[in-house]
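Student: Could you take me through one strand pairing in this chain in close detail? I would like to see who faces whom, and what lies around the pairing.

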Amino acid sequence: MQNPFLLLSSLIIVAWQIQVSEADGPVPGPPTWIVDAQVRADGPDGASRLIGTVFDWHDTRQNWATQGTIRHSGRTVHASRSRSRSVLILQSERFIASTSTLRFTRLDGSKIESKDIPAMLKNGRGVAFLPKGTGIHPAIVSALHPETVVATRVSYPSDPVVVPILEE
């Protein structure tokens, strides 16, 4: 029999998560990190674009079995053994978005002018990308460098293009 307290606490957590996900205000959470970011004016009609690399990872299990015959106390015994291990898979994808659909700020919310972005990105800064209507959780903000560039989506003429990087 299940503990009624655990069942009730599970229902409360599920209800809380549903309530939070349906909130109208900004949803704080972890941003998407864009590394190797740069601004190029090579878009359609010379439009300026933010181009960088986004990393994603997931954990999976790799299973295998081995079989063999062993001699034990003068008898032949068929034996099998199953093993597994955890494998971390890291994937990189190219991120491209028109700068006209983005607003650039610092962590404190102060605006960064579009003309200053290329110079800031030449210093190797990562960019925190936030979808429209979201924010960065204060605990995450407190751990970041104060000059972190935050790109927030402000309009959606089209979704950002994410292109897998082909191995050479």
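**A close look at one hairpin**

Tutor: Phe 55 stands opposite Ser 92 in E4, and this is a good place to step in. The model is predicted, so to speak of a local feature we ask for pLDDT of at least 70 and for a side-chain atom pair 80 or more, while totals for chains, interfaces and linings use all residues. Numbering starts from 1 along each chain as its sequence is written, and side-chain values use heavy atoms, with hydrogens and water left out.

Phe 55 itself belongs to strand E3 (strands are DSSP runs of E with at least two residues, helices runs of H or I with at least four, numbered from the N terminus). E3 covers residues 49-72 and E4 residues 75-98. The two run antiparallel and pair over 24 bridges (pairing takes at least two DSSP bridges). Together E3 and E4 make a hairpin with two residues between the strands. In that turn, Ser 73 has a positive phi of about 55°.

Now look back at Phe 55, which is partly exposed, with a relative accessible area of 45% (buried is under 20%, exposed over 50%, partly exposed in between, with a 1.4 Å probe and protein chains only). Asp 56 is also found in E3, and it too is partly exposed, at 43%. Its partners across the hairpin are easy to pick out: leaving aside residues up to four places away in sequence, Asp 56 touches Ile 89, Leu 90 and Gln 91 (a contact means heavy atoms within 4.5 Å). Asp 56 and Leu 90 are 34 residues apart along the chain, yet 5.9 Å separates their C-alpha atoms.

E3 has another partner as well. Strand E2, residues 32-40, pairs with E3 over five bridges, again in the antiparallel sense. Within this pairing, Val 39 has Leu 50 of E3 as its bridge partner. The loop between E2 and E3 holds Ser 48, a partly exposed residue with a relative accessible area of 25%. Beyond four places in sequence, Ser 48 touches Val 39, Arg 40 and Ala 41, and also Ser 98 and Thr 99. Ser 98 ends E4, so to speak of Ser 48 is to return to the hairpin's second strand. From Ser 48 to Ser 114 the C-alpha distance is 9.8 Å, across 66 residues of sequence.

Follow E4 and you also meet an aromatic pair, and the count of such pairs comes to one (ring centres of Phe, Tyr or the six-membered ring of Trp within 6.5 Å; planes under 30 degrees apart are stacked, over 60 edge-to-face, the rest tilted). The rings of Phe 95 and Phe 129 have centres 5.0 Å apart and planes at 55°, so this pair is tilted. Phe 95 sits in E4 and Phe 129 in strand E6, residues 127-130, so the pair ties together parts 34 residues apart in sequence. Phe 95 is buried, at 4% relative accessible area, and Phe 129 is buried as well, at 9%.

Finally, step back to the whole chain. Three helices and nine strands make up its elements, in the order α-β-β-β-β-β-α-β-β-α-β-β from the N terminus. Of its 168 residues, 20% count as buried. Among contacts with a separation of 6 or more, 63% join residues 24 or more positions apart.
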